[in-house]
Amino acid sequence: MNDSIATVLPALRRLIVDHFEVPEETLDDQTPFTALGLDSLGLVDMMFQVEDLYHVSIDHDEAMADPTLQGLARLVVRLRGQALSQAA
């Protein structure tokens with residue numbers, strides 16, 4: 001899997017649109033998840049979905065440091081890079 005922000009962002013957008021029924025036209029890479037209508041339970045569910053999709057373990061506090069699509073994409077790319085370097 002090619003793990004760059006350019007490839008992770010569209011996958012995260014699709015996840016939010018499909019799984020959480022957020023209208024695609026309301027998505028912006030810098031919009032906080034809470035502004036998209038995701039409550040705390042929705043945010044936890046989203047983190048589980050992302051962990052399953054990318055095979056990473058996401059720390060809640062790290063994810064909430066920048067609770068936007070852009071922030072989550074950066075976190076996923078960093079975690080995947082760490083996982084790959086540890087596997088090598």
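This is a short talk on the fold, the helices and the charged pairs of one predicted protein model.

Let me start with the overall picture. The protein chain has 4 helices and 0 strands. Read along the sequence, the pattern is α-α-α-α. The radius of gyration is 12 Å, close to the 12 Å that the globule rule gives for 88 residues, so the chain is as compact as a globular protein of that length. Along the principal axes, the C-alpha atoms fill a box of roughly 40 × 25 × 20 Å. Of the 88 residues, 39% count as buried. As for contacts in the chain with a separation of 6 or more, 61% of them come from residues 24 or more positions apart.

Now helix 1, which covers residues 5-20. How far apart are its end C-alpha atoms? They are 21 Å apart, and this agrees with the 22 Å that 16 residues should span at 1.5 Å a residue. Its buried residues are Val8, Leu9, Leu12, Leu15, Ile16, Val17 and Phe20. Just after helix 1 comes glutamate 21, with a positive phi of about 55°.

Helix 2 can be treated in a similar way. It runs over residues 40-54. Its 15 residues should span 21 Å at 1.5 Å a residue, and the end C-alpha atoms are 21 Å apart, which agrees. At the N-terminal end, aspartate 39 acts as a cap: one of its side-chain oxygens lies 3.3 Å from the backbone nitrogen of leucine 41. Past the other end, helix 2 is followed by histidine 55, with a positive phi near 55°. The buried residues in helix 2 are Gly42, Leu43, Met46, Met47, Val50, Glu51 and Tyr54.

One name in that list carries a charge, so I will stop at glutamate 51. What is the nearest side chain of opposite charge to glutamate 51, and how far away is it? It is arginine 78, 12 Å away, and glutamate 51 has no salt bridge although it is buried. A salt bridge here needs a side-chain nitrogen of Lys or Arg within 4 Å of a carboxyl oxygen, so 12 Å does not qualify. Glutamate 51 does have a polar atom of its side chain 2.7 Å from the backbone nitrogen of isoleucine 58. Leaving out residues up to four places away in sequence, glutamate 51 touches Val56, Ser57 and Ile58.

That brings me to the charged pairs. Side chains of opposite charge can pair when their charged atoms come close. How many salt bridges does a search of the whole structure find? The search finds 5.

Take aspartate 29 and arginine 13, whose closest N and O atoms are 2.7 Å apart. This pair links distant parts of the chain, with aspartate 29 in the loop between helix 1 and helix 2, arginine 13 in helix 1, and their positions 16 residues apart. Aspartate 29 is partly exposed, at a relative accessible area of 21%. Arginine 13 is partly exposed too, at 25%.

Another salt bridge joins the side chains of arginine 14 and aspartate 18, at 3.2 Å from N to O. These two are 4 residues apart in helix 1, so about one helical turn separates them. Arginine 14 is partly exposed, with a relative accessible area of 37%. Arg14 and Asp18 also belong to a network of salt bridges with Glu24.

Arginine 78 comes back here, because its side chain meets that of glutamate 62 in a salt bridge, 2.2 Å from N to O. Arginine 78 lies in helix 4, residues 69-87, and glutamate 62 in helix 3, residues 60-65, so the pair ties together parts that are 16 residues apart in sequence. Are these two residues buried, partly exposed or exposed? Arginine 78 counts as partly exposed at 37% relative accessibility, and glutamate 62 is partly exposed at 34%.

Last, a residue from a loop. Proline 67 lies in the loop between helix 3 and helix 4. It is partly exposed, with a relative accessible area of 26%. Which residues does proline 67 contact, leaving aside neighbours within four places in sequence? They are Thr31, Pro32 and Phe33. The C-alpha atoms of proline 67 and glutamine 30 are separated by 8.5 Å, though the two residues are 37 residues apart along the chain.

How values were computed. Residues numbered from 1 in each chain as written. Predicted model: local features only at pLDDT ≥ 70, side-chain atom pairs only at ≥ 80, totals over all residues. Heavy atoms only, no water. Buried < 20%, exposed > 50% of the residue type's maximum accessible area, 1.4 Å probe, protein only. Polar contact = N/O pair within 3.5 Å; in protein donor to acceptor, adjacent residues only side chain to side chain. Contact = heavy atoms within 4.5 Å. Expected span 1.5 Å × (residues − 1). Rg over C-alpha atoms; globule rule 2.2 N^0.38 Å.
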